[in-house]
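Please open the model in a viewer and follow the selections below in order. Each stop names what to select and then states what is found there.

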Amino acid sequence: MIISGSILALDRANIDTDQIIPARYLTGITKSGLGQYLFTGLPDGPGLLATKPGARILVTRENFGCGSSREHAAWALVDHGFQAVIAPSFARIFHENAYNNALTPIVLSDELIELALRAKSATIDVEQETLSLDGGAPLSFSLDPLRKQFILGGGFMRYLASKIPTIRAWEIASSQ
Amino acid sequence: MGKSLFEKVWDRHIVEQLPGDNALVFIDRVVAHEITTPQGALEIEHDFGDALYDPQRIVAINDHVSPAKDADTAIQAQVLRVWAKRHGIRLYDIGDNGICHVVVPERGYVEPGMTLCCGDSHTCTLGAFGAFALGIGSSAQGGAMLASCLVLSRPKVMRVHVTGKLGNGATAKDLALTVIASIGFKGGTGYVLEYTGSAISALSMEERMTLCNMAIESGATTGIIAPDETTVAYLRGREQQPSGAEFDARAEAWLALRADEDATYDTSVAINGSAIRPVVSWGTNPGESAPITGTIPSDADPTSLTYMGLEAGQALRSIAVDQAFIGSCTNARLSDLRAAAEVFRGRKVAIPTIVTPGSQAVRRAAEREGLHDVFQDAGALWTHSSCGPCLGMSMGVIAPGTRCVSSSNRNFPGRMGADGRVHLASPAIVAASAILGRLGSPDELEPLPLAQSRGIAA
């Protein structure tokens with residue numbers, strides 16, 4: 001799986017999910033159609049998005065996606081066209097939500113983030129765990145080996161469904 | 001090598017170790033509310049034959065906007081209703097509901113040693129009972145409803161040891177904010193916070209819930225506190241708990257659940273509880289707070305200050321506020337309302353003030369004590385239970401540029417309304433600020449005539 005496209009640089013730390021999508025837009029029952037609300041809680045967010053209308057890759061700073069568990073944040077990013085988010089660190093729940101929605105979350109060192117924030121585009125090989133900034137030499141990164149399969153191989157729910165017989169057997173054994 | 005409390009609960013729920021640092025963790029109870037449940041429920045209906053692993057492990061609550069404020073939120077509530085009925089899931093709905101993190105414990109759905117999850121970050125509240133309780137996304141919640149398991153990487157454990165005893169007007173909220181300021185707004189990321197020490201043991205269950213509620217605000221997976229007699233006393237007689245010998249047997253098992261004497265932790269922090277003073281947040285994350293009698297630190301983040309319209313060095317008590325809110329899963333239980341009423345009694349608010357109980361059961365209990373009269377006599381609005389303006393969804397959303405002092409949990413930009421500003425504090429500080437029209441504490445208020453302070457009509 002290759003993700004290739006232009007980068008939107010969001011040069012700010014601690015972007016919480018209220019800023020990614022405010023609660024007033026959490027009134028639906030499906031995962032779709034939320035891209036129009038992306039970053040409407042971020043001062044100048046919509047203006048920033050308009051500077052790179054076709055961006056596929058978001059580069060930002062530490063602790064991205066902190067706060068509320070709302071998966072709407074990941075859905076809004078995906079619906080807007082983002083396929084990967086690159087940051088020095090992610091908040092736990094957002095990190096899991098990203099994997100569960102095939103929004104590849106890539107952790108890079110602070111040093112490499114500085115380069116990525118200045119780059120115009122990137123090409124990401126999810127399977128090989130490498131990325132290239134502006135056509136440069138490939139840099140390696142690490143994905144969670146299990147959750148990577150959720151991105152590449154049919155999703156989290158199918159994986160869990162396959163485990164149900166094991167879980168039922170464990171539950172019976174552990175209650176005895 | 002001894003185990004922490006968290007490790008004991010975790011180890012008992014591991015179905016299978018998975019690649020990487022992951023494990024398949026069995027979930028005893030799933031809490032489902034109307035904002036984040038429909039998406040996973042619809043996916044299970046569409047792709048997995050509508051088969052839930054065990055509907056009896058799920059409890060559903062319409063809580064965020066209840067009653068609905070518009071057609072969209074009405075649909076969310078209706079989807080939860082229809083789905084719960086179809087699967088025989090117990091639903092708490094209009095008239096009998098409240099914020100899920102308040103309703104779940106007051107009905108006795110949480111027990112020491114359990115694992116619980118909900119598509120809501122403040123599920124960590126339930127760690128107060130010695131349970132492993134965590135917030136997750138809608139997909140993970142769907143997975144937990146489909147297979148009663150989560151895929152989790154094992155968190156590390158941070159011991160937060162609080163010695164001494166809270167005093168000098170400091171509450172569990174002040175402790176929670178002090179812990180976050182101490183370890184940092186993201187300092188808990190990757191950890192479970194295991195709270196220990198004399199100041200923790202002395203807390204009531206409601207205070208423990210306030211403390212654990214804000215574990216997520218340091219980035220932590222959750223918080224956890226060892227069960228003790230306080231825990232047992234709280235759970236005895238609750239709706240979902242058995243009575244008599246059956247309850248006693250459970251209680252015995254709960255009391256045996258604790259960290260080993262020689263437990264090791266990945267990291268530890270020590271806090272002197274006796275030194276904690278009432279605090280208020282000045283910035284745009286819950287780690288940015290300072291004692292109410294103090295000033296905004298000289299090294300405060302300029303971005304936060306610009307958003308908040310404040311300056312470094314400014315006295316917190318000089319900051320005028322436009323609205324006050326007492327409510328949310330952090331501070332809207334009966335003891336919180338009593339603390340606020342103590343301050344409001346015989347006085348008048350200077351700014352629009354909203355008091356929203358954490359559940360309808362809390363509302364009724366407060367009214368039996370006459371607290372609703374105290375709030376309304378003071379000029380505050382007394383509402384039904386809801387998440388309300390805490391997350392800027394309904395019943396008191398604030399206007400751009402205005403400032404709200406709030407007993408809730410998040411002061412993020414826009415949290416309570418687009419471009420609005422939030423100061424987090426305890427219910428007593430919020431009540432005092434509502435009367436003063438600026439940030440302030442109860443000790444600044446004019447003393448009342450003796451008759452009034454005793455609640456006797458003049």
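Begin with chain B of this predicted model: of its 458 residues, 59% are buried. Chain B contains 16 helices and 19 strands. Aligned on the principal axes, its C-alpha atoms occupy a box of roughly 60 × 50 × 50 Å. The radius of gyration of chain B is 21 Å, which agrees with the value near 23 Å for a compact globule of 458 residues. Among contacts in chain B between residues at least 6 apart in sequence, 74% connect residues at least 24 apart.

Next, colour chain B by domain, with 5–270 as domain 1 and 280–453 as domain 2. Their C-alpha centres are 25 Å apart. Where the two domains meet, domain 1 of chain B contributes 31 residues and domain 2 of chain B contributes 27 residues. On the domain 1 side, select α4 (100–106), α6 (172–183) and α8 (205–213) of chain B, the elements that give two or more residues to the contact with domain 2. Which of these elements gives the most to that side? It is α6(B), with 5 residues. The domain 1 side as a whole comprises 9 nonpolar, 14 polar and 8 charged residues.

Now centre the view on α6(B). This helix has 12 residues and spans 16 Å from its first C-alpha to its last, close to the 16 Å expected at 1.5 Å a residue. Because 10 of its 12 residues are buried, α6(B) is largely enclosed by the rest of the structure. Show the side chains of the buried set, which runs from Ala172(B) through Lys173(B), Asp174(B), Leu175(B), Ala176(B), Leu177(B), Thr178(B), Val179(B) and Ile180(B), and also includes Ile183(B). What do the buried residues of α6(B) pack against? Their partners in chain B are α8 and the strands β9 (156–163), β12 (267–272), β13 (279–281), β14 (289–291) and β19 (421–424). Move on to Gly184(B), just after α6(B), where phi is positive at about 100°.

Finally, display both chains and select the contact between chain A and chain B, which takes 42 residues from chain A and 53 residues from chain B. On the chain A side, highlight α1 (17–20), α4 (92–100), α6 (145–152), α7 (156–162) and α8 (164–174) of chain A, each of which supplies at least two residues. Colouring this side of chain A by class gives 17 nonpolar, 14 polar and 11 charged residues.

Terms used. Residues are numbered from 1 along each chain as its sequence is written. Chains are lettered from A and ligands numbered from 1 in the order in which they are written. This is a predicted model: local features need pLDDT of at least 70, side-chain atom pairs count only at pLDDT 80 or more; totals for chains, interfaces and linings use all residues. Two residues are in contact if their C-beta atoms, placed from the backbone, lie within 7 Å. Helices (H or I, at least four residues) and strands (E, at least two) are DSSP runs, numbered from the N terminus. Ala, Val, Leu, Ile, Met, Phe, Trp, Tyr, Cys and Pro count as nonpolar, Asp, Glu, Lys and Arg as charged, and the others, Gly among them, as polar. Domain bounds come from an automatic or database domain assignment. The radius of gyration is taken over C-alpha atoms; the globule rule is 2.2 Å times the number of residues to the power 0.38. A residue is buried if 20 or more other C-beta atoms lie within 10 Å of its own, exposed if 12 or fewer, and partly exposed in between; C-beta atoms are placed from the backbone. The expected span of a helix is 1.5 Å times one less than its number of residues.
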